[in-house]
Amino acid sequence: MKLNDTIVALATPSGAGAIAVIRVSGPESIAIVSSQFEAKSKKVLKEQPTHTLHLGNIIDEQQIIDEVLVSVFHGPKSYTGENTIEISCHGSPYIQQEIIQLLIRKGGRSAEAGEFTLRAFLNGKMDLSQAEAVADLISSENQASHQIAMQQMRGGFSSEIQRLRQELLDFASLIELELDFAEEDVEFANRDQFRDLVSRIQQVLKRLIDSFATGNVIKNGIPVAIIGEPNVGKSTLLNALLNEERAIVSEIAGTTRDTIEDEISIGGIGFRFIDTAGIRETEDVIEGMGIKKTFEKISQAQVVVYLSPLTPEGGISNTTILEIEKIKNRFSQKPLLIIANKIDLLNEKQIAILKVSLSGVEGTQFLPISAKTGEGVDELKEKLLDFVNTGELRNNNTIVTNSRHYNALLSALEEINKVQEGLNANLSGDLLAIDIREALFHFGLITGEVTNDELLGNIFANFCIGK
Ligand SMILES: Nc1nc2c(c(=O)[nH]1)N(C=O)[C@@H](CNc1ccc(C(=O)N[C@@H](CCC(=O)O)C(=O)O)cc1)CN2
Ligand SMILES: Nc1nc2c(ncn2[C@@H]2O[C@H](COP(=O)(O)OP(=O)(O)OP(=O)(O)O)[C@@H](O)[C@H]2O)c(=O)[nH]1
Ligand SMILES: [K+]
Ligand SMILES: [Mg+2]
């Protein structure tokens, strides 16, 4: 990691597009680009004020490579905190590479993955959790994950952690000061106030730790397994939910042999639907493997949708009800939604019968739908949303999505609990201070006050080049 280098990278996706943006950052960035740029206005680029935009040509040995727009940022007023130039050129891969290679010949070097954002962090433009949120923001695909990443990037989470860390630090300093006056037996750090602080920190940590379950689910999409006997219409339902012909549908039982997954956003939350092989006793080895996988998928799912066939009279058969009981016993903790499919085949009298038989099974939610006509599919989507605890999201509470942060929070809580035990046991200040310092260390890991090259390497290696 050489911060004195001037780094160059394509900031837009590689390949052809209308426009491409090349980023250059570092001490020589403005000088290097200035020497290869002829402004239409005849102005000299390196004499231009920060945050200005200039039209002109990129020149290599009197040859024009492209007509471009160049933006100038003077450090520290830039994304990276360094002198930065952005070149918007025409989106041909040839032009992009010609310009990048030219700038490297003139003293730049290729940026590593995440190096622009790493520099922003090292130059104090953002803390570590904000930098990590930049990557989450780029990969966010629905409203909920976007909202969480945006809040984190704007520093919501950081400032919460920072505040607690500062208060704890103040107490640590007072307690450590007491050690210098050991003979005099003074107490600079009021123990009652400190007890209050410790319990406040415990509460915040517990809330943040609990939010990880929600955060994880929101980040990855809530897995919903669609299960049921062969031919009940599982694949038809998947297609209806996704609004595309994703899975093969046929009247032949056993059509779906392997699981099929796809994601959609419902009410701003990502749901990952998993169409599975029909469950039944089978001699067919391949289908049997599919069924084994179905049980695996049920255990991974957050919600299970059980599609039930209808009897010729329009009810739910006793064998189906037994089947549902088996699943409930096997996966007792799983939210289970029972769906009676193909209600388009029923007349009004039969629907009435169905409603009676639907109300017969206790503790289970039933929903009549037609995957084929789409009737009831919106109600199903609403029911699925009900399963998700969106309270935290609605209340704009901080939600932890990053497992690195989660682990640091767990360790911080462990240390804070030790501090509390120490307080209760009237432990001496020097021993209390050790646990407080440990807790501070874990807080610092989240925001990046405590860091090392390996940690930074791990985080930024997962970024894209140019970010
Ligand atoms: N062309 C382009 N678009 C982009 C970015 C970029 O770097 N370049 N961004 C990159 O991710 C995002 C915008 N983020 C940015 C954040 C700060 C500054 C910046 O110049 N900050 C200065 C000046 C602030 C001011 O005007 O007061 C500073 O922080 O001091 C620029 C972009 C998204 N779009
Ligand atoms: N009338 C009617 N037919 C449906 C409905 N849903 C599915 N079907 C039909 O039922 C048959 C089986 O549908 P699939 O979606 O392949 O059923 P599956 O549960 O995925 O079947 P397997 O993958 O073989 O287990 C097809 O002929 C569908 O057109 C529905 O709501 N109404
Ligand atoms: K089928
Ligand atoms: Mg199928």
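## Ligand 2 and its polar contacts

In this predicted model, the side chain of Thr236 places an N or O atom 2.5 Å from an oxygen atom of ligand 2. The backbone takes part as well: an N or O atom in the backbone of Val232 lies 3.3 Å from an oxygen atom of ligand 2, and a polar backbone atom of Ser250 is 3.3 Å from an oxygen atom of this ligand. On its own, ligand 2 has 650 Å² of accessible area, and the protein covers 91% of that.

## The shell around ligand 2

Where does ligand 2 sit? Its space is the largest pocket. There are 23 residues around the ligand, and those that come nearest are Lys234, Thr236, Gly254, Thr255 and Asp344. By type, the shell holds 11 polar residues, seven nonpolar ones and five charged ones.

## The potassium ion

Now let us turn to ligand 3. Which protein atoms are donors to this potassium ion? They are OD1 of Asn231, O of Ser250, O of Ile252 and OG1 of Thr255, at 2.5 to 2.9 Å from the ion. Along the sequence, the spacing of these donor residues reads N-x18-S-x1-I-x2-T.

Two of these residues link distant parts of the chain. Asn231 belongs to the loop between β8 (222-228) and α8 (234-242), while Thr255 belongs to the loop between α8 and β9 (260-266); the two are 24 residues apart.

## A second metal

The model also holds a magnesium ion, ligand 4, and 4.9 Å separate it from the potassium ion. Two residues are worth finding again in the picture: Ser250, which has a polar contact with ligand 2 and gives its O atom to the potassium ion, and Thr255, one of the residues nearest to ligand 2 and a potassium donor through OG1.

Technical notes. Residues are numbered from 1 along each chain as its sequence is written. Chains are lettered from A and ligands numbered from 1 in the order in which they are written. This is a predicted model: local features need pLDDT of at least 70, side-chain atom pairs count only at pLDDT 80 or more; totals for chains, interfaces and linings use all residues. Side-chain values use heavy atoms; hydrogens and water are left out. A residue is near a molecule or strand if one of its heavy atoms lies within 4 Å of it. A polar contact is a pair of N or O atoms within 3.5 Å; within protein, one must be able to donate a hydrogen and the other to accept it, and residues adjacent in sequence count only if both atoms are side-chain atoms. Accessible areas come from the Shrake-Rupley method with a 1.4 Å probe; for residues, only the protein chains shown count as cover. On a 1 Å grid over the protein atoms alone, a cavity is a set of points where a 1.4 Å probe fits but cannot get out, and a pocket is an open set with protein on both sides within 12 Å along at least five of seven lines; lining residues have an atom within 4 Å of a point. A molecule sits in a cavity or pocket if more than half of its atoms lie within 2 Å of its grid points. Ala, Val, Leu, Ile, Met, Phe, Trp, Tyr, Cys and Pro count as nonpolar, Asp, Glu, Lys and Arg as charged, and the others, Gly among them, as polar. Donors are N, O and S atoms within 2.8 Å of the metal (3.2 Å for Na, K and Ca); water is not among the atoms, so sites may look incomplete. Helices (H or I, at least four residues) and strands (E, at least two) are DSSP runs, numbered from the N terminus.
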